[in-house]
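Work through these exercises with the sequence and the model open side by side. Try each task before reading its solution.

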Amino acid sequence: MNHVPSSPFLRRALPAALVAAALVAGCSSSSDKAETAAKNATTPAAQSPAPGAATPSPQAPPPVGADNPALKDFYAQKLDWAPCKADPDARKADSAVAAVDRKLQCAKMRVPLDYGAPGTKSIEVAVYRLPAQGGAGSRLGSLATNPGGPGSGVRYTVTKLAASRPGLAERYDIIGFDPRGTGGSGQVDCADGPLMDRLQSIDPTPDAAQVESAAAVLKEFGQGCAARMGDLLPRIGTTEAVDDMDVLRGVVGDEKLNYVGTSYGTYLGARYAQRHPGRVGRLVLDGLLDPASDRMTLAREQAEGFELAFRAFAKDCIGKADCPFKGSVDNATASMRAKLDKLSASPAKVGKRAVDEGMASTVICAYLYSPQAWPSLRVILKSLYAGDAQYMLNAFDAYSDRAKDGTYKESSLPGYFEINCADGRFLSAAEAAALGRDVSATAPVIGPSVVWSWAADCAAPGADRPARLDAAKLPGLLLISTTRDPATPHVAAARYKEQLPGSSLITYDGDGHVAFYRESSCVDHAVDGYLLEGKLPGDLNCD
């Protein structure tokens, strides 16, 4: 079973996100149904109004966000900003990132557990800020960011954005928050090491017995999440994250939200625009996840996107001394499929452990997120073809946050699962098996694994509710799409543009996941100009 990150719904938090989710455990157990039936049996039937009596009007839903008086105290809170503890990863990065991390400020922000009952219980989420470096006279406000996942913490992204685009950091406070169940906001933990191992070794090309086994693993994992998460479980989805983000907007004193979202972060931004349209400022969405597409469409398109990325990698690989493939790209895909089939039938032994198809597929997907990772992927695959799976195992452990003792204490995978469960963006084991077989005709190497990354058994499943963006309620946004993006395929760009004709679309002709502050000065210049001046650049083609 492949778990990839940082796309909308790719499994973990690489630069993309194979969405997860799956076998829907019943919304209520038989005992729940019995209790409901008993209650109904003892509840007086509703009385019809007397002739001539006025029919009561349906109660209007409460206002959303800052317009709701019950949320006044949350929006009025003052954050206790203090220097953050050092982030070891940031301090080991390049000097610009390390310098920003030393200036970063941290705080905790209080939000309602349930926005429908804000007076009952509150929780805290971790928030981050780099104050504008140019001084109060040039400050434009705050610029929030989210890197995707879902399940990823945000701190490093705040640091990286500020270090990469110093012109923005001069004029804006760069801010962000760890969504519920991630990073410093109560990171979700659902399973011990052995169960996590079994979860990530689910075979993406299963026979009937293996589908049943996969369903059992997913169910055990979902039950573990339910047992450990308590009342947070049904309140961890994107709707809650959107409302938390609006509280942050209000708390830092901004009338409008200025925002850069990548991968799943585009879905978060789009959902914010749907729910708080009057608060939308300058929004940049890079690596588009369409809120109007359903889970089956997203899973299929993502499978095809990763396959396209693998073919681009293979084309670049062939002819290089360290490439295991010979001949054409079609030869390479056939060879890779045969190697994965062999790992499915007979995992490659590495000491007391073994590398199976699910683990190898996870690594391949992870290294397709960026062309800068392709040389390393060539080395890993050439070693695998030579009969040595050690490099593949090392890469899997590093990507999946598996520690030497076999635990996954730093893994963002549980958060990825449960956020997508709450959003209803998941497939059952049976659905994943059927769709995986279907996509194997057009995406034979990576397609089935990507589809299975959407599989989960959710103890508190939400409903998948695709919804179009309403351009009449929104200003123009800045949209960015990469032509060979594996995790958020370019096909979504046309649908976004059709929904938001007044927005600008930057098309980056390139490889890898997302484009802003990566490799293209064309993209960077256009985004900086929009965020600093407020003027959309029009549709652009960049390379």
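The exercises below treat a predicted model, from the whole chain to a single residue.

**Exercise 1. The whole chain**

Task: State how many helices and strands the protein has, and what share of its residues is buried.

Solution:
- Start with secondary structure. The protein has 20 helices and 12 strands.
- Turn to burial. Of the 543 residues, 55% are buried.
- Finish with contacts. Among those with a separation of 6 or more, 76% join residues 24 or more positions apart.

**Exercise 2. Strand order**

Task: Give the order of the strands in the open sheet and find its edge strands.

Solution:
- Trace the sheet across. Its 10 strands run in the order 1-2-3-5-4-6-7-10-11-12.
- Check the ends. Strand 1 (82-83) and strand 12 (540-542) are the edge strands, and each pairs on one side only.
- Classify the pairing. The sheet is mixed.
- Test this with antiparallel pairs. Strand 2 and strand 3 pair in the antiparallel sense over eight bridges. Strand 3 and strand 5 are also antiparallel, over four bridges.
- Then take parallel pairs. Strand 4 (residues 141-146) and strand 5 pair in the parallel sense over four bridges. Strand 6 and strand 7 are parallel over five bridges. Strand 10 (residues 478-484) and strand 11 are parallel over six bridges.

**Exercise 3. Bridge partners around strand 5**

Task: Find the bridge partners of Arg129, Tyr128 and Ala144 in strand 5.

Solution:
- Begin at Arg129. In strand 5, its bridge partner is Ile175. Arg129 itself, in strand 3, is the bridge partner of Gln105.
- Move to Tyr128. Its bridge partner in strand 5 is Gly176.
- Come from strand 4. Ala144 has Ile175 as its bridge partner in strand 5.
- Put the steps together. Ile175 is the bridge partner of Arg129 and of Ala144.

**Exercise 4. Covered elements**

Task: Why can strand 5 be called largely enclosed by the rest of the structure?

Solution:
- Apply the cut-off. Buried means under 20% relative accessible area.
- Count the residues. Six of the six residues of strand 5 are buried, so the strand is largely enclosed.
- Look at each face. Tyr172, Ile174 and Gly176 are buried on one side; Asp173, Ile175 and Phe177 are buried on the other.
- Set strand 7 (residues 280-286) beside it. Six of its seven residues are buried, so strand 7 is largely enclosed too.
- Add strand 3. Seven of its nine residues are buried.
- End with a helix. Helix 13 (residues 357-367) has 10 of its 11 residues buried, including Glu357, Met359 and Cys365. Asp356 caps its N-terminal end, with a side-chain oxygen 3.2 Å from the backbone nitrogen of Gly358.

**Exercise 5. Helix 9 and helix 10**

Task: Describe how helix 9 and helix 10 (residues 264-275) pack, and which residues meet.

Solution:
- Fix the geometry. The two helices pack at an angle of about 75°, with their axes 9 Å apart.
- Name the arrangement. Angles of 65 to 115 degrees count as roughly perpendicular, and helix 9 and helix 10 are therefore roughly perpendicular to each other.
- List the residues. Among those of helix 9 are Val242, Met245 and Arg249; those they meet in helix 10 include Tyr264, Leu268 and Arg271.
- Sort the contact by type. Its residues divide into seven nonpolar, two polar and five charged.

**Exercise 6. Asp511**

Task: Is Asp511 buried or partly exposed, and which residues does it touch?

Solution:
- Locate the residue. Asp511 lies in strand 11 (residues 504-511).
- Compare with the cut-off. Buried requires under 20%. Asp511 has a relative accessible area of 23%, so it is partly exposed.
- Collect its contacts. Leaving out residues up to four places away in sequence, Asp511 touches Ala312, Pro371, Trp374, Thr482 and Arg484.
- Pick out the polar one. The side chains of Asp511 and Arg484 make a polar contact at 2.6 Å.
- Check sequence against space. Asp511 and Ala309 are 202 residues apart in sequence, but their C-alpha atoms are 7.2 Å apart.

Notes:
Residues numbered from 1 in each chain as written. Predicted model: local features only at pLDDT ≥ 70, side-chain atom pairs only at ≥ 80, totals over all residues. Heavy atoms only, no water. Buried < 20%, exposed > 50% of the residue type's maximum accessible area, 1.4 Å probe, protein only. Contact = heavy atoms within 4.5 Å. Polar contact = N/O pair within 3.5 Å; in protein donor to acceptor, adjacent residues only side chain to side chain. Pairing = 2+ DSSP bridges. Axes fitted to C-alpha atoms, helices over the stretch in contact; angles between N-to-C directions. Parallel < 35°, antiparallel > 145°, perpendicular 65-115°, else oblique. Nonpolar A, V, L, I, M, F, W, Y, C, P; charged D, E, K, R; others polar.
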